[in-house]
Amino acid sequence: MVTRRVNPYAKVYAFGADGNVARAGSPIASPHKTREASRRVHRQLSIRVPLWILILVVAGILFIQAFTLLSMRSDTTREQKRINVLKSELAQNLEKIEMLEVSLDQAADPSRIRAIAENRLGMRLPRPEQINVMPRPQLPQRAMEMAVPEEGGGVIRMLLSLVGL
């Protein structure tokens, strides 16, 4: 095959093998793409570019959703561990409360208190002649009225009214 030099005349017109004249840019005369072919390629690219953009956007959304689900799973696991720790602490505290209630019942047992008072402290029950009951003094009517606290008065106001202030 013979190569030709391109001059200004050859840029506009090209002669085919059969001697027909063709305008430059036609598929017969030039290996370059025509405007229509260029437009077709551009249309194909314009269709492909949004398709690639769409694929990238969908992939990005899927990645974000996967990351969000993984994060939620991690949070759920962490909170479940926290709940388990709190449940075990609650069980331990309930056991302690039960033990304290038992020891409180034992400590408040009258027979135990009497045994400690007699054995450790040397106390004895009083004889009937040692028991002296004092009568309760009666307050005057005015003092009784003052002693009854008013609505929202409180203990301090009642004491001040008994003193006379």
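A residue counts as buried when its relative accessible area is under 20%. Keep that cut-off in mind, because it sets up one of the figures for this protein: buried residues make up 5% of its 165 residues. One thing to know before going further is that you are looking at a predicted model.

**The overall layout**

Let's start with the big picture. The protein has five helices and two strands. If you walk along the sequence, the elements come in the order α-β-β-α-α-α-α. Two of the helices will come up again below: helix α2 covers residues 35–107, and helix α3 covers residues 110–119.

How do the contacts spread along the sequence? Take the contacts between residues at least 6 apart in sequence: 0% of them join residues at least 24 apart. As for the outside, the accessible surface comes to about 16000 Å², and carbon and sulfur atoms account for 62% of that.

**The salt bridges**

How many salt bridges does a search of the whole structure find? It turns up four. Here are three pairs, with the distance between N and O atoms for each.

| Arg | Glu | N to O distance |
|---|---|---|
| Arg 82 | Glu 79 | 3.6 Å |
| Arg 114 | Glu 118 | 3.2 Å |
| Arg 127 | Glu 129 | 2.9 Å |

Let's take the pair in helix α2. Arg 82 and Glu 79 sit three residues apart in that helix, so about one helical turn separates them. What about their surroundings? Arg 82 is exposed, at 52% relative accessible area, while Glu 79 is partly exposed, at 37%. The bridge between Arg 82 and Glu 79 has its closest N and O atoms 3.6 Å apart.

Helix α3 has a pair too. Glu 118 and Arg 114 are four residues apart there, which means that about one helical turn lies between them. Are these two exposed, partly exposed or buried? Glu 118 is partly exposed with a relative accessibility of 28%, and Arg 114 is also partly exposed, at 45%. Their closest N and O atoms are 3.2 Å apart.

That leaves Arg 127 and Glu 129 from the table. Their side chains meet in a salt bridge at 2.9 Å, N to O. Arg 127 has a relative accessibility of 48%, so it counts as partly exposed. Glu 129, at 60%, counts as exposed. The cut-off for exposed is over 50%, which is why Arg 127 and Glu 129 get separate labels.

Technical notes. Residues numbered from 1 in each chain as written. Predicted model: local features only at pLDDT ≥ 70, side-chain atom pairs only at ≥ 80, totals over all residues. Heavy atoms only, no water. Buried < 20%, exposed > 50% of the residue type's maximum accessible area, 1.4 Å probe, protein only. Contact = heavy atoms within 4.5 Å. Areas by Shrake-Rupley, 256 points an atom, 1.4 Å probe, with all protein chains shown as cover.
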